[in-house]
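Trainee: I should like to learn how to read the features of a protein model. May we have the structure before us as we begin?

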Amino acid sequence: MTSPIRTERHDNVLVVISDNPPVNALGQAVRAGLKDAIEEAMSDDAIEAVVIRCDGRTFFAGADITEFGKPPVGPNLPETLDAMEASDKPVVAAIHGTALGGGCEVALACHYRVAVPSAKLGLPEVKLGLIPGAAGTQRLPRLVGAEAALPLVVGGNPISARKAQGIGLVDEIVGEDSLEADAIAFAKSKIGQPVPRASEGTANGDGVRDPDLFDRFRASQARKIRGFDAPNAAIEAVKAAGTMSYAEGVKKERELFTELMSGTQSAAMRHYFFAERAANKIDDVPKDTPLIPIKKVGVIGAGTMGGGISMNFLSAGIPVTILEMSQDALDRGTGTMRKNYENTAKKGRMTADQVEQAMGLLTPTLSYDDLADCDLVIEAVYESMDVKKEVFGKLDEVVKQGAILASNTSYLDVNEIAAATQRPGYVVGMHFFSPANIMKLLEVVRGEKTRDDVLATVMKLSKTIGKVAAVSGVCPGFIGNRMLSKRQEQANALIMEGANYWEVDEVLLDFGFPMGPFQMGDLAGIDIGWHRDPSKVTTVREALCAVGRFGQKAGKGFYDYDEARQRTPSDEVKQIIADFAAKEGKEQREILKDEIRERLLYPMVNEGAKILEEGMAQRASDIDVVWINGYGWPLYTGGPMFWAQTIGLDKVVEGLEKHDLPVSNYLRERSAGSGKFD
Ligand code: T1G
């Protein structure tokens, strides 16, 4: 098999080129080829400088993640990079695309780095539950200083070539279309000069002067890194660069890396990496299915959902015509969209021009006729089947043939909605999650008659608007809400049986969710949908509303809130629940957190198994993608189905049986078999 690495001589410069699509991952063949090429350059006196570049869309985008978890095969990257750096011949990294992870480490081991303006550089290993493992945590702080290195290593987000130049990671920005020639010229200009090495000295030259830097940084990231192991390890590795010799620092990095690699969090996050990409593929839709061009989108409803949905397309440069029933509602909706954009601009994440650009693509209207030439229309109207059917009936009359008609419904039957039109093949569900311009998840609901090209178009479009899409079949609640209802059922049952509602929330918080159901209820408002009759009390929520406990906005709901909105459990609420239980003749008992956790989470896994068994999800990993992106299931456990496999499906079955909860045949069968869903 030919090596993915080749070399070309340009006078006294050897250009080492990798051609390993799709992203020049540093797999075994690439590492071996790199090693040989570097040895060729070092042993030939006619070669006085080296340029390393990649064919295709990007410079090395990291180690080959598919090799992880398998026995390591040499040569190993760190040794190859140390040998290269030790050379006295200048080695220049010529960067385009995304130099990530091991790719960025290759660049760091080069003596110089040049990049095209559109290039990005980063160390995203923490997003895989790892830290850089080829001396990135040691070279980067020595090159750019610990302060600049920390956000890159601990946050894992890439930076632009210009920003990289600003911190000293990139030496020169070269022509977008003349990378190789400019890199060769740059390399020639360095011949005969002493070569700089990023492994020399310690971070910040003579060590980090600000001893509190690391603790301060850790505190500033507390909310984001809660529960994750890798970010703390990354901070420790960068700290080592400021206090240890390079050799000792690399040893420390290796220890931290190895521990993370063998841990459950990295296995979970590597699973998620591939799960997210798999979710965008539809097994029975050919890859080359022709796509429907989406040049203009219509949105019906300018409320919270309609406005948020519209912003996704506007931000991606796709014009939107938004329809409301009254001018007042239309003005309110478009006003809210502008305010959201302006808030984003205030945080520096958008420029004022970009706000105007986005809003300039918006056409408000009161008339269905203005939707006639849309390629896709998404309704985000009131969750009532009658209303949806009426809307789709009108769309069917007005909108051009061949356009996609999508419903943002969160649980209604998309087949029934499709039947209200003469074009059921063009009807699909696009279930966004509130706030729709922020939440990444998009549940694409495939009707019985939804056409392949409609599905393929919506899946591609989801990437264009920055969403993570997963396909669901038509069933109540699709994937996410169907499993959520099982957790909610148990949460309500638990507090009636005597569990403290704040401990139900704590169990989910401790597990890694952003908040629990009762805290969420207070945030959203206990009085949503309340009939406003305090004398009519048939549920705990009605009882709370009856005494003015509407939630955070009222200073009290399930919890009491102080001015800083800090919550404390309420004896009054505990008593209200106890009274309810007594009225229903329910014996209350002490319920420990282990039982709470099992009864909240195991029924979700069981429902996920039923979803798979019914074919409502293509694969278990799609369910993981839904729950991580739509409901805050902690990424470091890989999602409900991967987590269940990690703790053992047999444990889940046992727990369900212990609490007299249903066990689906599919779950039982998988537990007794491979112990895996997919
Ligand atoms: N290894 C293996 N396959 C990879 C890969 C990788 N590093 N990166 C991408 N792919 C596959 C991906 O699964 C998909 O496959 C195809 O390439 C296109 O990817 C030693 C230990 C580079 C920004 O974390 O962030 O280096 O689905 O759909 O949207 O210290 O891929 O087509 O079959 O994402 O244009 C660190 C991960 C590794 C970078 C391109 N590097 N990749 O995005 O395409 S750990 C990363 C990405 C490491 C060192 C440590 C993105 C991308 P398929 P894609 P994209």
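Trainee: Which residues lie nearest the centre of the second largest pocket, and how many residues line the pocket?

Mentor: Please bear in mind that this is a predicted model. As to the general idea, rolling a probe the size of a water molecule over the atoms shows where empty space is left. Here, 26 residues line the second largest pocket, and Ser-315, Thr-344, Met-350, Asn-437 and Ile-438 lie nearest its centre. The space in this pocket amounts to about 750 Å³.

Trainee: Which helices each supply at least two residues of that lining, and what is the lining's make-up by class?

Mentor: Helix 13 (304–315), helix 14 (327–346) and helix 15 (352–360) each do so. By class, the lining comprises 11 nonpolar, 11 polar and 4 charged residues.

Trainee: Let us turn to the ligand. Which residues come nearest to the ligand?

Mentor: There are 26 residues around the ligand, and those that come nearest are Arg-57, Glu-105, Gly-133, Arg-277 and Lys-281. The shell has 15 nonpolar, 5 polar and 6 charged residues.

Trainee: Which atoms of Ala-61, Ala-63 and Glu-105 should be examined beside the ligand?

Mentor: For Ala-61, examine a polar backbone atom, which is 2.9 Å from a nitrogen atom of the ligand. Ala-63 likewise places a polar backbone atom 2.7 Å from an oxygen atom of the ligand. With Glu-105, the side chain is involved: one of its N or O atoms is 2.5 Å from a ligand oxygen atom. Of the 1000 Å² of accessible area that the ligand has on its own, the protein covers 74%.

Trainee: Which elements give two or more residues to the shell around the ligand?

Mentor: They are strand 5 (98–100), helix 3 (102–109) and helix 12 (264–279). Helix 12 gives the most, with 3 residues.

Trainee: How should the backbone angles be read, and where are the cis peptide bonds?

Mentor: Most residues other than glycine have a negative phi, and most peptide bonds are trans. In this model, a cis peptide bond joins Pro-21 and Pro-22, with omega about 5°; Pro-22 lies in the loop between strand 2 (13–18) and helix 1 (28–43). The bond from Gly-74 to Pro-75 is also cis, with omega near -5°, and Pro-75 belongs to the loop between strand 3 (49–54) and helix 2 (77–86).

Trainee: Where does Arg-565 lie, and what is its phi?

Mentor: Arg-565 is in the loop between strand 18 (559–561) and strand 19 (567–569). Its phi is near 60°, a positive value in a residue other than glycine.

How values were computed: Residues are numbered from 1 along each chain as its sequence is written. This is a predicted model: local features need pLDDT of at least 70, side-chain atom pairs count only at pLDDT 80 or more; totals for chains, interfaces and linings use all residues. Side-chain values use heavy atoms; hydrogens and water are left out. A residue is near a molecule or strand if one of its heavy atoms lies within 4 Å of it. A polar contact is a pair of N or O atoms within 3.5 Å; within protein, one must be able to donate a hydrogen and the other to accept it, and residues adjacent in sequence count only if both atoms are side-chain atoms. Accessible areas come from the Shrake-Rupley method with a 1.4 Å probe; for residues, only the protein chains shown count as cover. Helices (H or I, at least four residues) and strands (E, at least two) are DSSP runs, numbered from the N terminus. Ala, Val, Leu, Ile, Met, Phe, Trp, Tyr, Cys and Pro count as nonpolar, Asp, Glu, Lys and Arg as charged, and the others, Gly among them, as polar. On a 1 Å grid over the protein atoms alone, a cavity is a set of points where a 1.4 Å probe fits but cannot get out, and a pocket is an open set with protein on both sides within 12 Å along at least five of seven lines; lining residues have an atom within 4 Å of a point. Grid points are joined across faces, edges and corners, and a volume is the space filled by probe spheres set on the points.
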